[in-house]
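Student: I am new to this structure and would like a close look at a single part of it. Please take me through that part slowly, in one connected answer.

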Amino acid sequence: MKWSNHLLLVVIFGISLQTYAQVSAQLNANSGLPENTGQCLLQDAQGYIWIGTQNGLARYDGQSFKVLKEADGLSSNQIEKLYLIDDHKLLIGTRNGLDLYDTYTETLLHFIPDTQQSYEANWFCSLGAKGDTIYASTFYGLHILTQDLKPLSFFPNQNQSERLWTSVYKDPNSNELWYLSNGQLYLVQNNFLKPVLDTEKRVLSLLSLGDSLLLGTEEKLLIYNKAATALSPCSWCPEDLSFILDMKKGGHEELWFATRNGAYSYQDGNWQWYHSKATGENKISHSLVLSILEDHQGQVWLGTGQGINLIDPRKRKFQRWSELYKGPEYASFKNIEVLFYDQNHRLWVGASDGLQCYERNDLGHWQAIPLAPPFRERSFNIDFITQASDGSMYIGTSGGALYRGNMDSWDLLYDGDDHKQLRGICFAQDKGALWLGYSDGLLYWTEEKGIVPLKGLPKIPVVQMEILEGELWIGSAKGLFRIDTSNLAWKQYQAGPKGSIPNSLVTDFSFDGKSYWFSSFGGGIYQYHPAKNTFKVIGESEGLVNANVWSLYFDSLGRLWSSTDGGISVYDTAIGEFHSFNSRDGLNFDDFSMNAHCQDSAHCYYFGNPEGITVFDPLAVFPDTSVALPSLREVWVDYEASPQHLSQALSTGRLEMRPTYTSLDLFFSGFNFRDPQLEWEFKLDDAAWRSFEGGRLSLGRPSPGSYKLQIRNRNKDGFSAPKPYLIEWLVIPAFYETWWFRIGLFLTLILLSAGLIFIYNRRQFLKRIQQLETEQKVHQERERISQDLHDHVGAHLSRIASDLDLMELKLKKQVVWEEGLDQLVDTRNYTSETIRLLRDTIWAIDKDDYSIEQFAEKIEAFLEQYLADYLPWTFKKDLSFKRSLSSREALNLLRILQEATQNMLKYSQANNFQVKLYGREALILEIKDDGLGFQDLGLETESYGLKNMKARATEIGAEYEIDSTNGVKIKVRLKAH
């Protein structure tokens, strides 16, 4: 970019932070500096401010100083230059050698070119670094060194007998390294010097700016265009800008110059001069300014001959037009009705007494531009100003007239035709066509036809209007109207208690990509959601300073700014909160005007009212978001400072706590030089954040292990540092907490436990042997009883059954009474049943438990024996049940089956009989016939047999269900556990 183009951008950039800067603090020997001369300034990665003086090197943390001198190892107390390498290595140029100070380990390395202590040979004027190489210049030439200050090469000056001012500069954008020696400019390439330019001047400082290189000399500022290889004096600099000792470019693109006649700042074409004889905001302690530094928060530090001056660009939030305008007084400074910022970066001001246009001069000051008739006379009451894409200006007056033109000529497009107050102008899609919003109706004007009738639209008295997303929105006394400009289809949103919005007097419009926003007179702010077709009202109950709202502007952070009749409100749409400003915060007046607002190309806002214009940058006003990273500055172990632990923590990111330590205190700095009072929080690993006071974190000894310790801070506005400070906290275990001790102790406990377990198991084994012997005897006795029952009782019952069978045969051959015969048959059947039941009992008690397979075989054998001669039967089985059955469970389930089978044969008249045994989590025995149910037979469901089956199920903890709706279905469910 050519310098002229760059300058043009700077000129048109608008009002920014620099115009608000003022001296806010001073540091000197009374504050703790070792000496008042601020020879050089630097801020390291931790946030410390390093100040080189003529009596030592001082480190400032916002509250106190730490000073290094020759007694601490420095080559000289007279510090000339400072340069930072690898974030924590400080290169120190003194008048008697070059030092490298590691701020983590607090160790020093030295390089002394001339051991004979030659004044010119050892005085280091300028420092720089590129890659792993250090470049340091003295009055005798350029030294090229390694990072541990070992010499690589030396380029002497042409005249060794003359003291020559030298300078080293690294371009932060191109990474080029430049070297100046008595006006001769070199480009350092591959550690060789390439001659570029002979300035024929004594150059004191260098600064890169786009494609140009600024050269500060004793006489003036020179600009070297690298592309054109041309050198020229600065045409936009003040005449008294000379003897430029240091130059810096700030984060907001402002330029700073340190001279023997004070400090100069330049931005947007506006110069500020800070010197000792100034009054008010620009006064500094001394006009000899030696060095400049912009810290991490954007504050500017000036090193002078009488201390350090701190300039805060954010100190003043609002600025009045009278402070910016440098021309003759003009009545339009008050009663502002309309403000408009055009494409040519000019500001148009419509007031109750006429129209005026302003632009910046070469120095960046606003000056009035003469306007051609009819606006040369200040008799027009201006109501509206806008600009077309071709640059033409359109002016509407309170008399209804519409003018088009520029500064040189104006045409009357429409005289208003008895319409009153032209309150809005919108450009239609048709070329040369306009929507004109009058206080008594909406009109459509074209270049060819003039006013064109609008068919199908109601008469809409316009208060304000705007085209959003291709649609024309109009706020009026009859409601809020939304008009499709392509076909004139319209929709009306009624105002009032039962309407969509409380007030239709809309004063401004905005669209954030998702929602439409409207400001209103008396109703506050409305947010319209197109998808839901609903309005959300945001008013005084939500924190809006006043319900009469005139403007809506979204800043780059998504906050909504509004001028009202009670001041300026900013609405944080993310959290739904307001913050407001009034005259106590610096506004010129609290009551603003409807159309008196605009935004310039630098995104600064202009709000007008009866008392003039207020100008401000929204990002500089609210709130203070700049919070420096936390930094560890001291470590105390058992209440004593430990530089070794501090060095370990800074260099490795790890902090060790040995077994003998009982406490650990960590001291942190936030380096918030605007407001050192910070709130502090910490957390270990993933635990919750906890607060601590004053930046001092006191920690006891936790369990041994590795912890992730995080620390963060917040300023008074509640903003935290971009990321927390992270350190690994390693708590080293004592010998009794080590793994080998614990393993040894564990093995000892295992052996001891094993012995105890062996003794216990042996005793249990002996008890088990006794128990098994007892169980064997019980089992043998059980077998004997079963055998006796089978051999003796069974034999006797079998004999009775046989005798009864014989008697039955004999009686059948003789004529006897039938009742006696039936009795004999019953006796035989009963005896047979008794034998069968006895055998089932013997089967059940013969074992402690039975598998599902064994139980299924028993069921199948029973059905085969009992039903084979009577009716068809089926037995379905699923043997996936997880456990075996106890003898008691098996016997009770078998008895339920037998009882159900017997009932079926006696009563149901069934043709089929079905038994199922299945289930995995529970064993289900299901018995079903297709005969008559109990109700059909006239039987009681609470009969003895049924009660008996239910009782047996309850005895073994099973669920019992019976259903006689269609035949009889019995289900017994035995749980697995």
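Tutor: What follows is a close look at one strand and its two neighbours.

This is a predicted model, in which local features need pLDDT of at least 70 and side-chain atom pairs count only at pLDDT 80 or more, whereas totals for chains, interfaces and linings use all residues. Residues are numbered from 1 along each chain as its sequence is written, and side-chain values use heavy atoms, with hydrogens and water left out.

The protein chain holds eleven helices and 72 strands, these being DSSP runs numbered from the N terminus (helices are H or I with at least four residues, strands E with at least two). Our part is strand β35, residues 393-397, where five of five residues are buried, meaning under 20% relative accessible area with a 1.4 Å probe, protein chains only. Met393, Ile395 and Thr397 lie on one side of β35, Tyr394 and Gly396 on the other, and both faces are covered.

On one hand, β35 pairs with strand β34 (residues 382-387) in the antiparallel sense over five bridges, where pairing requires that DSSP finds at least two bridges between two strands. Ile395 is here the bridge partner of Ile385, and in the hairpin of these strands, with five residues between them, Gly391 takes a positive phi near 95 degrees.

On the other hand, β35 pairs with strand β36 (residues 402-405), again in the antiparallel sense, over four bridges, and Ile395 has Tyr403 in β36 as its bridge partner. β35 and β36 also form a hairpin, with four residues between them, and Gly400 in its turn has a positive phi of about 95 degrees.

Definitions and conventions: Buried means under 20% relative accessible area, exposed over 50%, partly exposed in between (1.4 Å probe, protein chains only).
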